[in-house]
Every structure is written in structure tokens, then in C-alpha cells.
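Reader: I am new to this structure and would like to see how each term applied to it is justified. Could we begin with the contacts of the ligand?

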Amino acid sequence: MPSYDPNNIFAKILRGELSAHKVYEDDKTFSFLDIMPRTPGHTLVIPKAPVRTFLDIAPDDLAHLIKVTQRIARAAVKVFAADGLTIQQFNEPAGGQVVFHLHVHILPRQTGVPLKPPATFKEDSAVLSDQALKLAAALKG
Ligand code: 5GP
């Protein structure tokens with residue numbers, strides 16, 4: 001398997017070189033909104049450790065990542081009044097991965113509404129800002 005490339009987009013977000021609509025952060029994880037959401041509230045959760053795929057992360061860091069993902073998913077379901085929830089995680093091009101820093105997708109779902117195809121719709125920054133604030137507030141409440 002290829003090694004970790006520190007120039008991937010999410011590594012740049014972690015280093016503050018690219019901006020993101022932050023939802024949550026702790027010492028091991030960072031969460032922000034997807035700029036091309038497949039559904040309103042499409043949120044990404046990433047480890048701060050430089051890991052490429054699910055296969056590379058330390059088990060304790062993975063356990064923490066999943067706990068944080070569940071916490072944010074619960075907030076997302078509330079904020080977006082979701083009827084359901086899709087959690088996705090892709091590894092390597094053959095597995096559908098496009099950005100090579102491990103990440104988990106949180107996708108709040110509404111009955112009968114299909115996911116938009118990946119990378120087909122770029123959300124307005126003001127909309128993402130508002131959604132990120134709502135999610136961050138729900139996580140504190
Ligand atoms: P993957 O297929 O690797 O699991 O998904 C990568 C995700 O990253 C896609 O959903 C895509 O929309 C999202 N994405 C790509 N570039 C950026 C970016 O610069 N900022 C943010 N917030 N998301 C991005």
C-alpha cells in the first residue's frame with residue numbers, strides 16, 4: 001500500500017493551511033463539513049495522526065475516532081431532523097477513497113431523498129458556516 005502523503009488536502013486543513021468549517025476538535029480528532037455535501041449536514045471526522053487508511057490507524061485512536069463519530073452523528077441527526085443516518089468510510093482508490101487521509105463520512109438522511117453523487121455540488125460557504133455553528137452548538141448542549 002502507498003505511504004502517507006503529507007500534502008493531501010486534509011493534512012493541509014489540519015495544519016491550518018486551508019480553511020474548513022469546523023464542527024469539533026479534540027487532541028486526537030478534527031471534524032468539519034464536506035465542501036461538496038452529498039446531503040445537508042455531510043460531515044467528515046478525521047484523526048489528527050497522519051494515517052492514510054483504516055488499516056494504518058492505531059486501534060486506540062480508531063476507537064476514539066468512532067466514539068467521536070457517534071457523538072457528532074447524534075448531534076447531526078438532531079440538527080438536521082434526520083430520519084436516518086449513513087456512515088461511510090473508503091480506503092484506497094479501489095475502495096472509493098479520493099483524499100488520502102483517513103476520514104469517516106456522516107450523512108444525515110431523509111426518507112426518500114437519495115444521496116447526491118460525489119463531488120457534484122459545491123455548497124455555499126455561508127450555508128456551511130451556519131450549519132457548522134449549529135452542529136458545534138448541539139455538541140455543547
Ligand atoms: P473520499 O471519497 O476520499 O472518502 O471523500 C473525500 C471527501 O472530501 C469528498 O466527500 C469531498 O467532497 C471532500 N472534499 C474534497 N476536497 C475538500 C476540501 O477541500 N474541503 C472539504 N471540507 N472537503 C473536501
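Author: A backbone N or O atom of valine 99 lies 2.9 Å from an oxygen atom of the ligand. This is a predicted model, in which local features need pLDDT of at least 70, side-chain atom pairs count only at pLDDT 80 or more, and totals for chains, interfaces and linings use all residues. Residues are numbered from 1 along each chain as its sequence is written, and side-chain values use heavy atoms, with hydrogens and water left out.

Reader: What makes the approach of valine 99 to the ligand a polar contact?

Author: A polar contact with the ligand is a pair of N or O atoms within 3.5 Å, and the valine 99 pair, at 2.9 Å, therefore qualifies. A polar side-chain atom of histidine 103 lies 2.6 Å from an oxygen atom of the ligand, while a polar backbone atom of leucine 33 is 2.9 Å from a nitrogen atom of the ligand.

Reader: Which residues surrounding the ligand are the closest, and what makes a residue count as near?

Author: A residue is near if one of its heavy atoms lies within 4 Å of the molecule; 16 residues surround the ligand, and the closest are Asp34, Val98, Val99, His103 and His105.

Reader: Why are residues of that shell called nonpolar, polar or charged?

Author: Ala, Val, Leu, Ile, Met, Phe, Trp, Tyr, Cys and Pro count as nonpolar, Asp, Glu, Lys and Arg as charged, and the others, Gly among them, as polar. By that rule the shell around the ligand has ten nonpolar, five polar and one charged residues.

Conventions: Polar contact = N/O pair within 3.5 Å; in protein donor to acceptor, adjacent residues only side chain to side chain.
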